[in-house]
Amino acid sequence: MKFVIEKISKSSGRLGYLVQTETEKRFRTPLLVQTTKGGSIPYLSREVFDYVTEEVPALQFTLSTIDHMVESLKLFNGTFGAYVGYPECLSFLIIRDSCELIPSGHNDKDIIPLFTRRGKEHITVKRYMDTVETLKPDIYQGLCDADTNLESSKKRIIKCVDRTAQFMDACYERHQNSKVLKKCALFAPIVGGYSTHARCESIKHAKAKGEKLANGYIFEGFHNYGLSACQVDSEQLIKVMTHCLNELSDDKPKMMPGAYTPPVMLELISLGVDIFDTSYAYCAASNFKALTFNFNLKTVENATSQPFLEISNESLKEDFTPLIRDCSCLTCRKHTRAYLNHLYKTKELLGPILLMM
């Protein structure tokens, strides 16, 4: 994988693109990758997703939702993207499901807890790297301890940095010696909660050990995923991220998984973060909220427009207008707010599908 920067602005971030190794396809940054569950985009089949966009997707696969597939994949002669019906996609492998709240604790010496459909699994560096070699993603994150948030103690933060350094030493060695992983890009994790000192220690290790091996960076440990990412202290987050990004070189992409709100995402983009995921859209659709904010710079929002719409609101039962006027998506062209309110009341699966689109 190659990363090319086209333009940098001090006030609004930067523009660039990722180049897929095998196909030479370009994926423009800032990039929004589609989060998946069990290898599928939540609520959307491949055919339905083609209604949403004709662009080749970048997909984020989470180990916690695909761990049960690894054994069968060993018999499959191809990438995980091809296995799930997206052979042309740019594939990211991360460890935790950014759509779901992850319990704290269970951090034993040489393992990372992984909460899967089969319950809690113990992931060692060897098991993780074996899995990466089986899945063969375009990009994967290094193993890390990201069990921190704004309320984490100093002891927990120090421990997460030390454990991550230990895990990454083994990951770097395995990555360097593996023939299978030569075509895979490694993103080094930067951890340390909201402590700028701890983050600096994590960055020092990433630069010292992974300067030549790491192709990018992934920032974790600000929240416990799921809706907790929507509730981060944005002022504290921006302060820490500003410090971290000043310590890192500009030539490598930076990723921040999690359901951050759109205003926080825009702040992070302006700082120089390049890659996000769609877990925020999933959380909204699952809770019957429609994202109705304006994203077209050529149109001006009127005074009555709302950034979000509660589909459960009783006042919508006779509102026969689309979610967003002049929107070309299938949901807005074919369905009304009243119909979506009806789907909510009857608990029909079509409701989240239309909202996700």
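**Exercise 1. Which residue in β3 is the bridge partner of Y17?**

Solution. This is a predicted model.
Step 1. Start with the strand next to β3. Strand β2 (residues 13-19) is joined to β3 by four bridges.
Step 2. Note the direction. β2 and β3 run antiparallel.
Step 3. Read off the pair. Y17 has R28 in β3 as its bridge partner.

**Exercise 2. Find the order of the strands in the open sheet, and name its edge strands.**

Solution.
Step 1. The open sheet has three strands, in the order β1-β2-β3, with antiparallel pairing.
Step 2. Look for strands that pair on one side only. These are β1 (2-9) and β3 (26-29), the edge strands.
Step 3. Add the angle. On average, neighbouring strands in this sheet are turned by 15° against each other, with direction ignored.

**Exercise 3. Describe how helices α6 and α7 are arranged, and list the residues that meet.**

Solution.
Step 1. Choose what to report. Two packed helices are described by the angle and the distance between their axes.
Step 2. Take the values. Helix α6 covers residues 154-177 and helix α7 covers residues 196-210. Their axes come within 10 Å and cross at roughly 10°.
Step 3. Apply the cut-off. Angles under 35 degrees count as roughly parallel. Therefore α6 and α7 are roughly parallel to each other.
Step 4. List the contact. From α6 come I157, V161, A165, M168, D169 and Y172. From α7 come A198, E201, S202, H205, A206, K209 and G210.
Step 5. Sort by class. The contact of α6 with α7 has seven nonpolar, three polar and three charged residues.

**Exercise 4. Decide how far helix α10 is enclosed, and by which elements.**

Solution.
Step 1. Set the cut-off. Buried means under 20% relative accessible area.
Step 2. Name the buried residues of α10. They are S279, Y280, Y282, C283, A284 and A285.
Step 3. Conclude. Six of the eight residues of α10 (residues 279-286) are buried, so this helix is largely enclosed by the rest of the structure.
Step 4. Find the partners. The buried residues pack against β4 (31-35), α9 (262-271), β13 (275-277), β14 (289-291), β15 (308-310) and α13 (350-356).
Step 5. Look just past the helix. F288 there takes a positive phi of about 55°.

**Exercise 5. How many residues does each domain give to the contact?**

Solution.
Step 1. Set the bounds. Domain 1 spans 2-286 and domain 2 spans 289-356.
Step 2. Place them. Their C-alpha centres lie 31 Å apart.
Step 3. Count. Domain 1 gives ten residues to the contact, and domain 2 gives ten residues.

Definitions and conventions. Residues numbered from 1 in each chain as written. Predicted model: local features only at pLDDT ≥ 70, side-chain atom pairs only at ≥ 80, totals over all residues. Heavy atoms only, no water. Axes fitted to C-alpha atoms, helices over the stretch in contact; angles between N-to-C directions. Helix = DSSP H or I, 4+ residues; strand = E, 2+ residues; numbered from the N terminus. Parallel < 35°, antiparallel > 145°, perpendicular 65-115°, else oblique. Contact = heavy atoms within 4.5 Å. Nonpolar A, V, L, I, M, F, W, Y, C, P; charged D, E, K, R; others polar. Pairing = 2+ DSSP bridges. Buried < 20%, exposed > 50% of the residue type's maximum accessible area, 1.4 Å probe, protein only. Domains from an automatic or database assignment.
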